[in-house]
Amino acid sequence: MESTKAEVLGKMGKKEIIRKAEELVEKAMRGNDASHDAAHAFRVRDLALSLAHEETLSTSPDSILIVELAALLHDIGDYKYVRDPSEAKIVEEFLQGQGIEEGMKIKILNIIKGMGFKEEVGGLANTNYSIEFGVVQDADRLDAIGAIGIARCFTFGGSRHRVLHDPRIEPRSDLSKENYMNKEEQTTVNHFHEKLLKLKDLMKTKAGKERAEKRHKFMEDFLKEFYEEWDGRA
């Protein structure tokens, strides 16, 4: 069956919105270190679309657009990199400028606002989440673990001149949103114990949980080797 003219124009319009979103990501994240750069956003987008397909969202064009835009734009205005308060409005203004329907815009903004680990550790997690929220959050968390996650963790720690490891500094077990966001006295390796090793059990989708298993195991093996080398046992 041939596509109608409206359907073709709709597809073309969505492709143009995605292209402009990609350009915005590259521009807005250009000054970030490689742990939270445009490549991270593009990996999360690709992961989210893959998870969405496994979770049978691909039959809904609106859901796919919500997932792709939320994944691409999720780290613009991240508190760790904000240089100007006006950056907090960049995503909303972009969506408005692209003529995104109000209901869809709200869904995208709510996904971005609620997907951070700091919200979950602070007891503010979204327990009544949509499947679109689940796949985007899971995609972001998958990119935080495994081989890529290890590389990103040490890249971020290095960018903040953090101590690599200090056996005298224990990982914090009583995390609140506030002290999680304040990492001045923490080491890079402790971030594995405070966050990264917890993500496997916080995945929302079946597809995300399955993928997290392998990445989680890779981190456990890495840390075992790391500690043995640090202590001169390997």
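This is a short tour of a predicted model, from the whole chain to a helix pair and then to a group of aromatic rings.

**Whole chain.** Show everything as a cartoon. The chain has 11 helices and 0 strands, so no element other than α appears in the pattern along the sequence. Colour by accessibility next: 45% of the 234 residues count as buried. The exposed surface comes to about 12600 Å², with 53% of it supplied by carbon and sulfur atoms. Among contacts with a separation of 6 or more, 70% are between residues 24 or more positions apart.

**Helices H2 and H11.** Select residues 38-54 for H2 and residues 206-230 for H11; their axes are 9 Å apart and the packing angle is about 125°. An angle of this value lies outside the parallel, antiparallel and perpendicular ranges, so the two helices are oblique to each other. Now show side chains at the contact. H2 contributes Leu-47, Ser-50, Leu-51 and Glu-54, and H11 contributes Ala-207, Gly-208, Arg-211 and Arg-215. By class, these are 3 nonpolar, 2 polar and 3 charged residues.

**Aromatic rings.** Stay on H11 and select Phe-222, then add Phe-154 from H8 (residues 146-159); the pair ties together parts 68 residues apart in sequence. The ring centres are 6.0 Å apart and the planes are at 70°, which is over 60 degrees and therefore edge-to-face. Both rings belong to partly exposed residues: Phe-154 has a relative accessible area of 22%, and Phe-222 has 25%. To finish, extend the selection to Phe-192, Phe-226, Tyr-227 and Trp-230, which form one aromatic cluster with Phe-154 and Phe-222. The chain's count is 8 aromatic pairs.

Methods:
Residues numbered from 1 in each chain as written. Predicted model: local features only at pLDDT ≥ 70, side-chain atom pairs only at ≥ 80, totals over all residues. Heavy atoms only, no water. Axes fitted to C-alpha atoms, helices over the stretch in contact; angles between N-to-C directions. Helix = DSSP H or I, 4+ residues; strand = E, 2+ residues; numbered from the N terminus. Parallel < 35°, antiparallel > 145°, perpendicular 65-115°, else oblique. Contact = heavy atoms within 4.5 Å. Nonpolar A, V, L, I, M, F, W, Y, C, P; charged D, E, K, R; others polar. Buried < 20%, exposed > 50% of the residue type's maximum accessible area, 1.4 Å probe, protein only. Areas by Shrake-Rupley, 256 points an atom, 1.4 Å probe, with all protein chains shown as cover. Phe/Tyr/Trp six-rings, centres within 6.5 Å; stacked < 30°, edge-to-face > 60°.
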